[in-house]
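Visitor: Please put the model on screen, and then I will ask about its fold.

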Amino acid sequence: MEEFSRKKLVEECETMFLKRILIRFSKVYDDPELRRKISVALDKGFPKNAKGDLHIHTNWSDGTYPLEFYVRKAEELGYKYLAITDHSLVNKGTVQMDAQKFLKQLKYIEKVQKSTPVKIIKGVEMDINENGELDYSAEIMEKADFILGAVHFDYGKGEEKALELLKILLENEYVKVIAHPLNKVGKDLFGSHLDEIVEIAKRNKKAFEISLVPDRMRESEFLVEKLRDKSVKLSLGTDSHSVKQMELMSVASLWLDRLNANLIANFYDDPLAFLKS
Ligand SMILES: [Zn+2]
Ligand SMILES: [Zn+2]
């Protein structure tokens, strides 16, 4: 970490972090029910069998901090691993990590890996394009340890389109987990296609993420209720865009008594082996 002008960087990051958190969390501050739930979760504390976080953004995409900061935080939390999952978002905006940049990140991670006992899982949060193609070629995805598939866009065509893209992600051989599955699809459509979606996920050995981001809490609550008896694999993700946000793993405490711990990837020493099985 010596290569950074640490003090300046931390100050800058804190300013960015505060702005981001204010925007994202304003929904929570305005909603007493969500506020109460978060405080219950935080009181319950950190899930003792959480061995790592599987959804993290660094400043290689739109995360606030350099990669090493999240690694140090993972050490502090006593994690065995963390997955770096910066956005692909090729040609969809200013924040992106195209295949070339991703290949550079892989090399960079190998360097950082030498300085920590925490396993750094080389992941990416992969977008799907309107035509159903993923942002990276199979050859590039082959080099990643972990692909988190995400529908961030419905391309102006609404929830049915988002559902179609979700199903394509579930069939893709490289995708392991579906990030925030209700994004763009919505509760109603997801709920009415539940059996079909779960069947596709199980057939293709995919997991659904239970997002621990407070402003996705209602969606996560819905997923927990719908999936609790479906024996489908799950993954806990803080979707951290800042280091402090990694502490939101505690939010999972709200739901753990309703979920089968054997189906949660983060409770395994080797989550990738579990997700493959
Ligand atoms: Zn996302
Ligand atoms: Zn994300």
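Visitor: What is the strand order in the open sheet of seven strands?

Guide: This is a predicted model, where local features need pLDDT of at least 70, side-chain atom pairs count only at pLDDT 80 or more, and totals for chains, interfaces and linings use all residues. Residues are numbered from 1 along each chain as its sequence is written, while chains are lettered from A and ligands numbered from 1 in the order in which they are written. Strands here are DSSP runs of E, at least two residues, and helices are runs of H or I, at least four residues, numbered from the N terminus. Two strands pair if DSSP finds at least two bridges between them; with parallel pairing, the order is β1-β2-β3-β4-β5-β6-β7.

Visitor: Which strands stand at the edges?

Guide: An edge strand has a single partner strand, so one side of it is left without a neighbour in the sheet. The strands in that position are β1 (52-56) and β7.

Visitor: By how many degrees are neighbouring strands of this sheet turned against each other on average?

Guide: Axes are lines fitted to C-alpha atoms, for helices over the stretch in contact, and angles run from 0 to 180 degrees between N-to-C directions. For this average, direction is ignored. The value is 30°.

Visitor: How many bridges pair β6 and β7?

Guide: Strand β6 covers residues 207-211 and runs parallel to β7. One bridge sets Glu209 opposite Ser235 in β7. The pairing extends over five bridges.

Visitor: What is the hand of the β-α-β crossover from β6 to β7?

Guide: The chain leaves β6, passes through helix α9 (residues 217-227) and enters β7. A crossover is right-handed if, with the strands pointing away from the viewer, the path from the first strand over the helix to the second runs clockwise. Here the crossover is right-handed.

Visitor: At about what angle to β6 does α9 run?

Guide: Helix α9 lies across β6 and β7. Its angle to β6 is about 140°.

Visitor: How many of the residues of β7 are buried?

Guide: A residue is buried if 20 or more other C-beta atoms lie within 10 Å of its own, exposed if 12 or fewer, and partly exposed in between, with C-beta atoms placed from the backbone. Lys233, Ser235 and Gly237 point one way from β7, Leu234 and Leu236 the other way, and all are buried. Strand β7 is largely enclosed by the rest of the structure, because the buried count is five of five.

Visitor: Is Asp239 buried or exposed?

Guide: Asp239 sits in the loop between β7 (233-237) and α10 (271-276). Its phi is positive, about 50°, although it is not a glycine. Because 24 other C-beta atoms lie within 10 Å, Asp239 is buried.

Visitor: And Tyr155, buried or exposed?

Guide: Tyr155 lies in the loop between β4 (146-150) and α6 (159-171). Tyr155 is not a glycine, yet has a positive phi of about 55°. With 12 other C-beta atoms within 10 Å, Tyr155 is exposed.

Visitor: Which residues have the most contacts inside the largest nonpolar core?

Guide: A nonpolar core is a set of buried Ala, Val, Leu, Ile, Met, Phe, Trp, Tyr and Cys residues joined through C-beta atoms within 7 Å. The largest has 68 residues, and α6 gives the most to it, with six. The residues with the most contacts inside it are Tyr70, Leu82, Leu166 and Ala252.

Visitor: How far apart in space are Ile121 and Asp145, C-alpha to C-alpha?

Guide: Ile121 is in strand β3 (residues 119-127) and is buried, with 20 C-beta neighbours inside 10 Å. Two residues are in contact if their C-beta atoms, placed from the backbone, lie within 7 Å; beyond four places in sequence, the contacts of Ile121 include Leu82, Asp145 and Leu272. Ile121 and Asp145 are 24 residues apart in sequence, but their distance in space is 6.1 Å.

Visitor: What span does helix α2 reach from its first C-alpha to its last?

Guide: Helix α2 (residues 32-44) has 13 residues. The expected span is 1.5 Å times one less than the number of residues, and α2 comes close to the expected 18 Å. Its reach is 18 Å.

Visitor: What phi does Gly45 take?

Guide: Gly45 comes just after α2. Its phi is positive, about 90°.
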